[in-house]
Amino acid sequence: MRGALTLREISDQPATWLAAIERFERDALRVDRLFKKQPPDEVVFTGCGSSYYLSMTAASVFQAVTGLRAKAVPASEILQFPESVFVQDASHLLVAASRSGTTTETLRAVRAASRRGISTLCLTCAAQSLLARQADLALCSPKGAERSVVMTKSFSSLLLLGLLLAAQRSGDEGLRRELRRLPALGRRIVKIALPLTRDIGTAASRFVFLGAGPAHGVAWEAMLKMTEMAQRMAVAYHPLEFRHGPVAAVEPGTMAVLFGMRAGAAMEAALMRDLHTQGATTVVLRDDWESVAEADVNVTLGVGLSDAARSVLYLPFAQALAYWRAVGAGLDPDRPRHLTSVVRL
Ligand code: F1P
C-alpha cells in the first residue's frame, strides 16, 4: 500500500514519545552539568528543514519557561551570518536538532560553534552519528528514526526532547507533568486525527497554516508536510500576521488551518471568522476554552494542557492531513519527489 511506512510512523509516534521521555530522564543530570560548566546568556536552537521548525517551538518555550534568552535559526545562518546569530562577548549554548545527525549544514554549524568555544548539545535519533559524537552532549530519541523519508515521529519526539530540556532547566514541575502525559494522550489523538483528516481539504488547491508562540513551529512543519508529501501550495504564518497582506490571496479553494493557542484565542477566533467570510474553508484546532471560532471544522482536544505541551498534540493532525492529501492525489507519501532523507552538501 502507498504510504504504508508513513502511516505506521504517524500512528506509532506516542510510543516514541515515551521512549524519549525515559531516555531524557536518565540524561537529565548531564544536562544540568553542561549548563553549570558554562552558564549561557543565550541558547541558540538550530537545525535544517523540519529540525529547524521544531527548534522554533523549542526556543519559544525554552525562553518563556526558563527566562533565559533563546532563539532559533536555520543552521545555514550560522554558516553564512555567524555575527548575526552570536553576540560578541556573550556566552552561548548551541542546541542542534537533527534526525540523522549527518546533515552537512548542521554538522558545520556545530563545528563553527565549537571553534568559538561555544558548548554544544544535540537532539537526534542517531546516537552513533557524527553529530552525536561532535556535540558536548547528545540527547537521543531512541525510537524516533523513520524508515520513510519524511519526518513525522522523529519531529514530534525531538520536539519533545526540546520541551523536556526547557522543563528541566526551568524546574517547572507543571510542564514536566504535562509532557509525561503526552504518550497516553497521543494514542487517543492519533485515533481521532487519522479518520478526521481523511476527507478534509480534498478540493483545496492551497493551504494556509497558522500558529502563534509554540504553535508557530508546528504551522511551519504542517506547511512542509503538505509540500513534501502532497506537493500542494502551502504557507505558514503567525495568525494575526496573515491579515497584513497574505489575506489578499484568499479565495474559494483556500484551506486555512489554525493551531489554536489559549493566549489570544479571541483574536485568533475573529481572524478565522474573517477568513471564512472571505471564502476560505477553515479548520480550527484548540482545547475546550470558550471563544469558539465557528470554523467549518472545529477540533476540540479537551486535554487541559498548556499551549506549550498541547502544541505536540497538533502534529498528528498536520501529518495526517498531508498524508491523506498525498494518497488522494495518487502520490506515495513514503517517497516524496526530489527528496532524500538527508541533505549532504
Ligand atoms: C532534516 C531534513 C528534513 C527534510 C528532508 C531532508 O534532516 O532537512 O527536514 O524533510 O528529509 O532532511 P535532519 O538533519 O533532521 O536529519
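Let me start with one side chain: Arg99 is buried, at a relative accessible area of 10%. Keep in mind throughout that this is a predicted model. Which residue does Arg99 form a salt bridge with? The partner is Glu146, and the closest N and O atoms of the pair are 2.7 Å apart. Glu146 is buried as well, with a relative accessible area of 12%. The two come from distant parts of the chain, 47 residues apart. Arg99 sits in the loop between strand 3 and helix 5, while Glu146 sits in the loop between strand 5 and helix 7, which covers 153-170.

Those loops lead us to a sheet. It is open, has 5 strands with parallel pairing, and the order is 2-1-3-4-5. Which strands stand at the edges? They are strand 2, residues 69-74, and strand 5, residues 137-140. Each has a single partner strand, so one side of each has no neighbour in the sheet. From one strand to the next, the twist averages 20°.

Inside this sheet, take strand 3, residues 92-98, and strand 4, residues 119-124. They pair in the parallel sense over 6 bridges. For a position to look up on the screen, find Leu94, which stands opposite Thr120 in strand 4.

Helices pack on this sheet. Helix 2, residues 50-66, touches strand 1, strand 2 and strand 3, and its direction makes about 170° with that of strand 2. Helix 5, residues 104-115, lies across strand 1, strand 3 and strand 4. Helix 5 runs at about 165° to strand 3.

One more item on charges here: Glu42, Arg69 and Lys71 are linked in a network of salt bridges. The structure as a whole holds 15 salt bridges.

Next, the cysteines. As a reminder, a disulfide is a covalent bond between the sulfur atoms of two cysteines. How many disulfides are there? The count comes to 0. Cys48 is in no disulfide, and the nearest cysteine sulfur, that of Cys122, is 14 Å away. Cys48 is partly exposed, with a relative accessible area of 22%. Cys140, by contrast, counts as buried at 7% relative accessibility. Why is there no bond between Cys140 and Cys122? The sulfur of Cys122 is the closest cysteine sulfur to that of Cys140, but at 6.4 Å it is too far for a bond; the cut-off is 2.5 Å.

Now to another sheet, further along the chain. Here 5 strands form an open sheet in the order 7-6-8-9-10, and the pairing is parallel. Strand 7 and strand 10, the latter at 297-300, stand at the edges. Each has a single partner strand, so one side of each is left without a neighbour. Neighbouring strands of this sheet are turned by 15° against each other on average, direction ignored.

Strand 6 and strand 7 pair in the parallel sense over 5 bridges. In that pairing, Arg206 stands opposite Met233 in strand 7. Two helices to look at here are helix 10 and helix 12. Helix 10, residues 265-277, touches strand 6, strand 8 and strand 9, and its direction makes about 160° with that of strand 9. Helix 12, residues 315-328, touches strand 6, strand 8, strand 9 and strand 10. The direction of helix 12 makes about 175° with that of strand 6.

Arg206 comes up again in a salt bridge. Its partner is Glu251, with the closest N and O atoms 3.3 Å apart. Glu251 lies in the loop between strand 7 and strand 8, and Arg206 in strand 6, 45 residues apart. Are these two buried or partly exposed? Glu251 is partly exposed at 38%, and Arg206 is partly exposed at 27%.

Last, helix 9. Helix 9 covers residues 214-230, which is 17 residues, and reaches 25 Å from its first C-alpha to its last, close to the 24 Å expected. The helix is mostly covered, with 15 of its 17 residues buried. Within it, Lys225 forms a salt bridge with Glu228, the closest N and O atoms being 3.4 Å apart. They are 3 residues apart, so about one helical turn separates them. Residues three or four places apart in an α-helix point the same way, because there are 3.6 residues a turn. Lys225 is buried at 0% relative accessibility, and Glu228 is buried at 16%. Just after the helix, Gln231 takes a positive phi of about 55°.

Key. Residues numbered from 1 in each chain as written. Predicted model: local features only at pLDDT ≥ 70, side-chain atom pairs only at ≥ 80, totals over all residues. Heavy atoms only, no water. Helix = DSSP H or I, 4+ residues; strand = E, 2+ residues; numbered from the N terminus. Expected span 1.5 Å × (residues − 1). Buried < 20%, exposed > 50% of the residue type's maximum accessible area, 1.4 Å probe, protein only. Pairing = 2+ DSSP bridges. Axes fitted to C-alpha atoms, helices over the stretch in contact; angles between N-to-C directions. Contact = heavy atoms within 4.5 Å. Salt bridge = Lys/Arg side-chain N within 4 Å of Asp/Glu carboxyl O.
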